[in-house]
Amino acid sequence: MKKRYWLLALCMCLLLVGCSQGKGNGSSKLTLEPYDLSDKEDRLLAHTGRSLFFFTLDGTLAKDMDLERTIEVYENGKLVSDEPFQFGEEAKKYKHSLNSIGMEISEKEITILVGHEGTLASLNEKPKSDEETSGSTSLLTEKVELKKNTPVYIYGMAISKDGDEIASLGLDEEKPSGGFINSDRAYVYKITLVDRKSE
């Protein structure tokens, strides 16, 4: 319970830092960049017992464009799920808008935490085996400009049953590769700039 309190406090503190408002006009020009925690923020995060990766969103989202946030799910190297779980982003100017992503596995559940603009979403799933090993890594290593219909991969986790070793995790030609494809299951978080769907 105490860890949940620290996690909520940290995310509220960090995610509200970058909420600079302003309506978006014209074409979209948005960038994503890794965010380095200060020593104080790092100590606060340590109290939560969670491992989170932070990054910033900067620029203008035009009214006719949207951001889709998706968790790709792979099973034995095959992509089995690629549906956005968040979209309908407000068209506006973003200034150092702080985002976070974290993935972890325990005996009882697989937890994926996604935070942005003062919002923290939790996705949970039951492990398929009692004996599973996992590895996770950040995939966003430098400042990147979002391009229409071109996903930017942010973070991922691979899971293997029966303690099998997980191969190196990374991207090949901007696509998940290595352990993401060779493991029993993998979850990869991405953000894509797309045309806004009409209501």
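## The chain overall

In this predicted model, 43% of the 199 residues in the protein chain are buried. The secondary structure runs to three helices and 14 strands. Take the contacts between residues at least 6 apart in sequence: 71% of them join residues at least 24 apart.

As for the outside, the protein chain exposes about 11000 Å². Carbon and sulfur atoms account for 47% of that area.

## Glu 89, a charged residue under cover

Let's zoom in on Glu 89, which sits in the loop between β5 (84-86) and β6 (93-105). Glu 89 counts as buried because its relative accessible area is 8%, and the cut-off for buried is under 20%.

So who keeps Glu 89 company? Setting aside neighbours within four places in sequence, Glu 89 is in contact with Leu 61, Asp 66, Leu 67, Arg 69, Tyr 94, His 116 and Arg 196. Two of the names on that list are arginines, Arg 69 and Arg 196.

## The second largest pocket

Now for some empty space. The second largest pocket holds about 240 Å³. It is lined by 14 residues, and those closest to its centre are Val 144, Pro 151, Val 152, Tyr 153 and Glu 174.

Which strands each supply at least two residues of this lining? Those would be β10 (144-145) and β11 (152-161). By type, the lining of the second largest pocket splits into eight nonpolar, two polar and four charged residues.

Methods:
Residues are numbered from 1 along each chain as its sequence is written. This is a predicted model: local features need pLDDT of at least 70, side-chain atom pairs count only at pLDDT 80 or more; totals for chains, interfaces and linings use all residues. Side-chain values use heavy atoms; hydrogens and water are left out. Helices (H or I, at least four residues) and strands (E, at least two) are DSSP runs, numbered from the N terminus. Buried means under 20% relative accessible area, exposed over 50%, partly exposed in between (1.4 Å probe, protein chains only). Contact means heavy atoms within 4.5 Å. On a 1 Å grid over the protein atoms alone, a cavity is a set of points where a 1.4 Å probe fits but cannot get out, and a pocket is an open set with protein on both sides within 12 Å along at least five of seven lines; lining residues have an atom within 4 Å of a point. Grid points are joined across faces, edges and corners, and a volume is the space filled by probe spheres set on the points. Ala, Val, Leu, Ile, Met, Phe, Trp, Tyr, Cys and Pro count as nonpolar, Asp, Glu, Lys and Arg as charged, and the others, Gly among them, as polar. Accessible areas come from the Shrake-Rupley method with a 1.4 Å probe; for residues, only the protein chains shown count as cover.
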